[in-house]
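Here is a briefing on one protein model. Look over the sequence and the fold before reading the points below.

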Amino acid sequence: MSGGPRTAIIGGSGFQRLPGFEAWRRENKATPFGEVSDAPAFGRLAGRDWVFLRRHGAEHRIPPHRINYRANIWALKDAGVERIIAFAAVGAIDAGLAVSRIVIPNQIIDYTWGRAHTFFDGQPGEPGGLKHIDFSRPYSEALRGQIMAAANQAGVHAAPAAVYAVTQGPRLESAAEIDRLERAGADIVGMTGMPEAALARELDIEYATIAIVVNPAAGRGRGTIDMGEIAGHLEAGAGKALAIIANL
């Protein structure tokens, strides 16, 4: 970003493209951790320079548990990115969070398994030895504050805090699983928040999430979860998320 830190947007479900984003080049470099989901795009949005990465690939074919999170975050760091704003579609566990609501989570509970979750696991041919990070507050408080200020400027009523439970996917959760997550203190549930946030912390990149509520979590709504309805709620929430970005 001209005059400030280079900022990346990681687009999840519903963000295969950013309306108004003018990309002038893509940069597809090899990483020590394999291939990225998609070549990072460098361009302009709302009068600012951004880097944009599609988490699920160009055609949205990579499921959450198969995403090469390490390659993605490494590629952004290699591109000079200092801040990441990650978009995420989530289900609402908290009954007070309506569909298409924007949520800026402040905490994470990680229920994923089998994902390569650190740059420092001592494997031959990989950089780094052993590193422990403080993950007490998994999101950058400074960046979260800037996002909330931008939401206020855009007239978007965003929830300023929430506990994000990250599940393995790609299936949605059972009602009993959601009950368990609620007892653990979770407010929203999704599939891509980890290890992305921790990997950014390992490379000293500021990281925050703009989450869009696209459905009540299992057992919280009326009837089964409808993918068509999710798409509609995602579209409505995406407009709010982009309004925040325009004011950031």
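The notes below cover the strands, a helix, the nonpolar cores, some side-chain contacts and the backbone exceptions.

This is a predicted model. Strand β11 (206-216) is mostly covered, with 9 of its 11 residues buried. Helix α1 (residues 69-78) is mostly covered too, with 7 of its 10 residues buried. Both elements supply at least two residues each to the largest nonpolar core.

**Strand β11 and its partners**

- Strand β5 (residues 83-92) runs parallel to β11, and 10 bridges join the two.
- Within that pairing, F87 has I210 of β11 as its bridge partner.
- Strand β6 (residues 102-103) pairs with β11 in the antiparallel sense, over 2 bridges.
- Opposite V103 stands A211 in β11.
- In a regular strand, side chains alternate between the two faces of the sheet.

**Helix α1 and what follows it**

- The buried residues of α1 are Y69, R70, A71, N72, I73, A75 and L76.
- Their cover includes β1 (7-11), β4, β5 and α4.
- In an α-helix, residues three or four places apart point the same way, because there are 3.6 residues a turn.
- W74 of α1 is partly exposed, because its relative accessible area is 24% and the buried class ends at 20%.
- A79 sits in the loop between α1 and β5.
- At 8% relative accessibility, A79 is buried.
- Beyond four places in sequence, A79 touches R6, E27 and F42.
- A79 and L242 are 163 residues apart in sequence, and their C-alpha atoms are 23 Å apart in space.
- G80, just after α1, takes a positive phi of about 90°.

**Nonpolar cores**

- The largest nonpolar core has 38 residues; I73, L76, I84, V103, Y164 and I188 touch the most other members.
- β1, β4, α1, β5, β9, α4 and β11 each supply at least two residues of this core.
- β5 gives the most to this core, with 5 residues.
- Apart from this core lies another, of 31 residues, including W50, I85, A208 and I212.
- I84 contacts A8, I10, I73, L76, L143, I205, E206, Y207 and A208, leaving aside neighbours within four places in sequence.
- In soluble globular proteins, nonpolar side chains tend to be buried together.

**Aromatic and polar contacts**

- The structure holds 5 aromatic pairs.
- One of them joins W74 and F119: the pair is tilted, at 5.5 Å centre to centre and 55° between the planes.
- W74 lies in helix α1 and F119 in the loop between β7 (107-110) and α2 (141-154), so this pair ties together parts that are 45 residues apart in sequence.
- F119 counts as buried, at 1% relative accessibility.
- F33, W74 and F119 form one aromatic cluster.
- R25 lies over the face of F42, at 4.0 Å from the ring centre.
- T7 belongs to strand β1, and T7 is buried at a relative accessible area of 0%.
- The side chains of T7 and R83 make a polar contact at 3.1 Å.

**Backbone exceptions**

- Most residues other than glycine have a negative phi, and most peptide bonds are trans.
- Which peptide bond has omega near 0°? The bond from G169 to P170 does, and this bond is cis.
- P170 is in the loop between β9 (163-166) and α3 (175-183).
- The bond from M194 to P195 is cis as well, with omega near 10°.
- P195 is in the loop between β10 (188-190) and α4 (196-202).
- A46 has a positive phi of about 55° although A46 is not a glycine.
- A46 lies in the loop between β3 (41-45) and β4 (48-54), and A46 is partly exposed at 45% relative accessibility.
- D204, another residue other than glycine, has a positive phi near 60°.
- D204 is in the loop between α4 and β11.
- Is D204 buried or exposed? D204 counts as exposed, because its relative accessibility is 62%.

Methods
Residues numbered from 1 in each chain as written. Predicted model: local features only at pLDDT ≥ 70, side-chain atom pairs only at ≥ 80, totals over all residues. Heavy atoms only, no water. Helix = DSSP H or I, 4+ residues; strand = E, 2+ residues; numbered from the N terminus. Buried < 20%, exposed > 50% of the residue type's maximum accessible area, 1.4 Å probe, protein only. Pairing = 2+ DSSP bridges. Contact = heavy atoms within 4.5 Å. Core = buried A, V, L, I, M, F, W, Y, C linked by side-chain atoms within 4.5 Å. Polar contact = N/O pair within 3.5 Å; in protein donor to acceptor, adjacent residues only side chain to side chain. Phe/Tyr/Trp six-rings, centres within 6.5 Å; stacked < 30°, edge-to-face > 60°. Lys NZ or Arg CZ within 6 Å of the ring centre and 35° of its normal.
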